[in-house]
Amino acid sequence: MAVFSLSLARQTAGCLQPLRRLCASGWLREADVDLCLRLLHPTLRLNRVFAQVEARRWVAEEMLALRLRCNGNARAWWAGQHVQLYLEQDGVRHGRSYSLTSVTADGHIEVAIKRQPGGRLSNLLLDHLEVGQVIELGQAFGEFAWPQEQGAVLLLAAGSGITPLLGLLRDALARGFAAPVTLLHQVRRQGQQAFAEELQALAACYANFQVHWAFSGEPSGRLSANHLAALPGDHLLVCGPRGFVDKVCGWWRDAGRGASLQAESFSPLPVLTQEQATQVRLSFVRSRQQVMGNGNASLLEQAEASGLRPAHGCRQGICASCTCLLLAGTVRDLRSGALFAEPGQPIRLCVSAPHGDVEIDL
Ligand code: FES
């Protein structure tokens, strides 16, 4: 039972500065303060971001948009960024990042969640998260932004890559962006076009906006270099699985269409198979743990498999929340294959695999 409304709880966040200072100087424990604050409203916390679910709506086959209202600790977020959602099940905390499709000044955000076969968190959120429930979020991260320079904008998305682009598009059109904007969303088949009705309504409302869909499951439905050549745009924003994004960026550069290119991809990292299967010794120094691991999986996965719970967010090398210091040994960047061996160097555990024995400040 909340004493405050969520609106009042949001306003209260600004008055908590003295408590934050007392916690920072060790006079109070943040966990104790949070215990008291949550009695006033279940989302109210000193620093952490909590939000209440206000609405759920299906926006495509197996894709749900969640409208949430955050406490006052979600500051300077913008649509197109990503945020980690956390949910606990049977005492295990699960987290995964989703793109912000909308952010408003009064603390409302929207995220769209696609069901992943076997995905623990996506299935929990889709099937069990109810209106009124409160969940924890991380801080938003990501640099995707609408181009500042004049010129036509081309947005290319595959699958759930539509979500950050939709957030940026909604904002740009609402702000009165007047140059031509073309969105092409590639999905496997009919029924998977997320937010299709809204996109058609936007195209009807804004004469400078066009939307197209491509169906990769149909003969010649997959986006090609020729399709791209026919689409107008001075600036390209592309988001989707890594293979799609790499191909599109290559075609764009080969066609000499300029340097205004922003790309984000979210595919699982490639699995390396050569000598990395050999056993290596992993020392997690602050946790005083030594375990045998291999050079084939990320340090984040291997630390979790040995019972540690390192902070993490996107698990794709984007958000930097898993950054730790490499104390000794060599790690391989799973995205590029590059090796890093400088002691004291920050590394991202989710995209680094050991290349021999390593010591990590974890
Ligand atoms: S979890 Fe985001 S960079 Fe590693």
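Which helix holds Asp34? Helix H3, residues 30–40. Let me start there. One caution before that: this is a predicted model.

So, Asp34. This residue is buried, yet it has no salt bridge. The nearest side chain of opposite charge belongs to Arg48, 4.1 Å away. A salt bridge needs the nitrogen and the carboxyl oxygen within 4 Å. What does Asp34 have in its surroundings? A polar atom of its side chain lies 2.8 Å from the backbone nitrogen of Leu46. Setting aside neighbours within four places in sequence, Asp34 is in contact with Leu44, Arg45, Leu46 and Arg48.

Now the layout. The chain is divided into four stretches: domain 1 covers 1–47, domain 2 covers 50–142, domain 3 covers 153–265 and domain 4 covers 275–360. The centres of domain 1 and domain 3 are 42 Å apart, taken over C-alpha atoms.

On to the salt bridges. How many does a search of the whole structure find? The number is 13. I will show you three.

Take Arg57 and Glu110. Their closest N and O atoms are 3.1 Å apart. Arg57 sits in strand S1 and Glu110 in strand S5, residues 108–114, so the pair ties together parts that are 53 residues apart in sequence. Is Glu110 buried or exposed? Buried, because its relative accessible area is 9%. Arg57 is partly exposed, at 38%.

Glu110 also meets the side chain of Arg170 in a salt bridge, 2.8 Å from N to O. This pair links distant parts of the chain too: Arg170 is in helix H5, Glu110 in strand S5, and their positions lie 60 residues apart in the count. Arg170 is buried, with a relative accessible area of 16%. Put the partners together and you get one network: Arg57, Glu110, Arg170 and Glu198, joined by salt bridges that share partners.

The third pair is Arg189 with Glu61. Here the closest N and O atoms are 2.7 Å apart. Again, distant parts of the chain are linked. Arg189 is in the loop between S8 and H6, Glu61 is in the loop between S1 and S2, and they are 128 residues apart. Arg189 is partly exposed at 41%. Glu61 is partly exposed as well, at 34%.

Stay in that loop between S1 and S2. Glu62 is there too. Its relative accessible area is 39%, so it counts as partly exposed. Which residues does Glu62 contact, leaving aside neighbours within four places in sequence? Ile113, Lys114, Arg115 and Leu126. With Arg115 there is a polar contact, side chain to side chain, at 2.8 Å. With Lys114, look at the backbone: the two C-alpha atoms are separated by 5.8 Å, although the residues are 52 apart along the chain.

Next, helix H6, residues 196–205. Ala196, Leu199 and Leu202 are buried in this helix. Why do they line one face? Seen down the axis of H6, the buried residues fall within an arc of 125 degrees, so they share one face of the helix. On the other side, Glu197, Ala204 and Cys205 are exposed. And what covers the buried residues of H6? The cover includes helix H5 (162–174), strand S8 (181–187) and strand S9 (209–215).

Between H5 and S8 there is a loop, and Ala179 lies in it. Ala179 counts as buried, because its relative accessibility is 15%. Not counting residues up to four places away in sequence, Ala179 touches Gly151, Ala152 and Asn208. Its C-alpha atom is 8.6 Å from that of Phe209, a residue 30 places away along the chain.

Last topic: backbone angles. Most residues other than glycine have a negative phi. Two residues here go the other way. Ala76 has a positive phi of about 60 degrees, though it is not a glycine. It is found in the loop between strand S2 (63–70) and strand S3 (82–89). Ala76 is exposed, at 69% relative accessible area.

Arg288 also has a positive phi, near 55 degrees. Its place is the loop between strand S12 (279–284) and strand S13 (289–294). Arg288 is exposed too, with a relative accessible area of 79%.

That is my tour. Thank you.

Key
Residues are numbered from 1 along each chain as its sequence is written. This is a predicted model: local features need pLDDT of at least 70, side-chain atom pairs count only at pLDDT 80 or more; totals for chains, interfaces and linings use all residues. Side-chain values use heavy atoms; hydrogens and water are left out. Domain bounds come from an automatic or database domain assignment. Buried means under 20% relative accessible area, exposed over 50%, partly exposed in between (1.4 Å probe, protein chains only). Helices (H or I, at least four residues) and strands (E, at least two) are DSSP runs, numbered from the N terminus. The arc is that of the directions from the helix axis to the C-beta atoms. Contact means heavy atoms within 4.5 Å. Lys and Arg count as positive and Asp and Glu as negative; His and the chain ends are not counted. A polar contact is a pair of N or O atoms within 3.5 Å; within protein, one must be able to donate a hydrogen and the other to accept it, and residues adjacent in sequence count only if both atoms are side-chain atoms.
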